[in-house]
Amino acid sequence: MHIEVKVLGSGTSTGVPVVGCDCQVCLSDSSYNKRLRSSILISRQDNQEHVIVDTSPDLRAQLLSQGWGSGETLKKVLYTHTHADHSHGFDDLRVFCFRDKKPIDVFLKQADKEDLMKRFSYAFEASLYSGVVPQIQFHHIQENAFALWPDVWVEPYFLPHGTVQSTAFRLGRFAYATDFQNFSEKQIRGWQGKIDTMIASGVHMRSHPTHSSIPETLALFDRLEVRRGILTHLSHEVDYVTISSQLPPGRELAFDGMCLSVDIGDVSLP
Ligand SMILES: [Zn+2]
Ligand SMILES: [Zn+2]
Ligand SMILES: [Zn+2]
């Protein structure tokens, strides 16, 4: 099966440029150095259905950039975790609920559901008249495979990220992992050799207390035997041209609007 993956945002939590920063990257004219908050869009090529991974604070602008017409809709959301830079576009999901008159399927782990309901408590109050808030159908993720569609199974991993966990998702031979410190040895063995294309975060070159750095994520790609490894969630310390030129073959920096066509193999069974 083929899917299309689009990087809607490749930036760390502040986005790039950072408001009020006058460093070289923030002042750069290059579109490759302009990064909205991180999320990806996964599109089936057979039925125009789209799934978004995370609802960044830039969600509205990211969706407008797709130029969708009335035939296209967002039916499903996967959450890696609910830090502000990954969840604060939540309210913008409601446009699809108005139009489709159906709730959106949201897949997330229990702790993320609880946190999301706290952050957006107004959307879950019983007294609200319908239509003003997103209508959500929650699906709990545990650390085993689940069906995103009946013919597409997804394997999640829960990864350490400061005081929370971030969920990585593998759809056959494609994987997306953002905001993690590392994979355990067991997790590496589980996915080793199974992934052709992976998008994973690496905030900047130096180490970070709650995130994998670019050198650490490059080492992870090698351990997982990923053929095409793409770094995302990049900070303003990352000049696209300078860092790209230092990467080994098969390793790239993500940029906003990057589009991949990925053969994910047979994903009809877990
Ligand atoms: Zn983040
Ligand atoms: Zn800057
Ligand atoms: Zn985070």
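Helices here are DSSP runs of H or I spanning at least four residues, strands are E runs of at least two, and both are numbered from the N terminus. Counted that way, the protein chain of this predicted model comes to 8 helices and 14 strands.

Taken as a whole, the protein chain has 270 residues and a radius of gyration of 18 Å, which agrees with the value near 18 Å that a compact globule of that length would have. Along the principal axes, its C-alpha atoms fill a box of roughly 55 × 45 × 35 Å. As for burial, 41% of the 270 residues count as buried. The contacts tell a story of their own: taking those with a separation of 6 or more, 65% are between residues 24 or more positions apart.

Zooming in, three of the strands can be followed from one to the next, namely E1, E2 and E3. Strand E1 covers residues 2-9 and runs antiparallel to strand E2, residues 39-44, with 6 bridges joining the two. Within this pairing, valine 5 sits opposite isoleucine 42 of E2.

E2 also pairs with strand E3, which takes in residues 49-53; this pair is antiparallel too, and 4 bridges hold the strands together. Here isoleucine 40 has valine 53 in E3 as its bridge partner. E2 and E3 form a hairpin with 4 residues between the strands, and in that hairpin glutamine 48 takes a positive phi, near 60°. E2 is thus joined to E1 by one set of bridges and to E3 by another.

Notes. Residues numbered from 1 in each chain as written. Chains lettered and ligands numbered in written order. Predicted model: local features only at pLDDT ≥ 70, side-chain atom pairs only at ≥ 80, totals over all residues. Pairing = 2+ DSSP bridges. Rg over C-alpha atoms; globule rule 2.2 N^0.38 Å. Buried ≥ 20, exposed ≤ 12 C-beta atoms within 10 Å, placed from the backbone. Contact = placed C-beta atoms within 7 Å.
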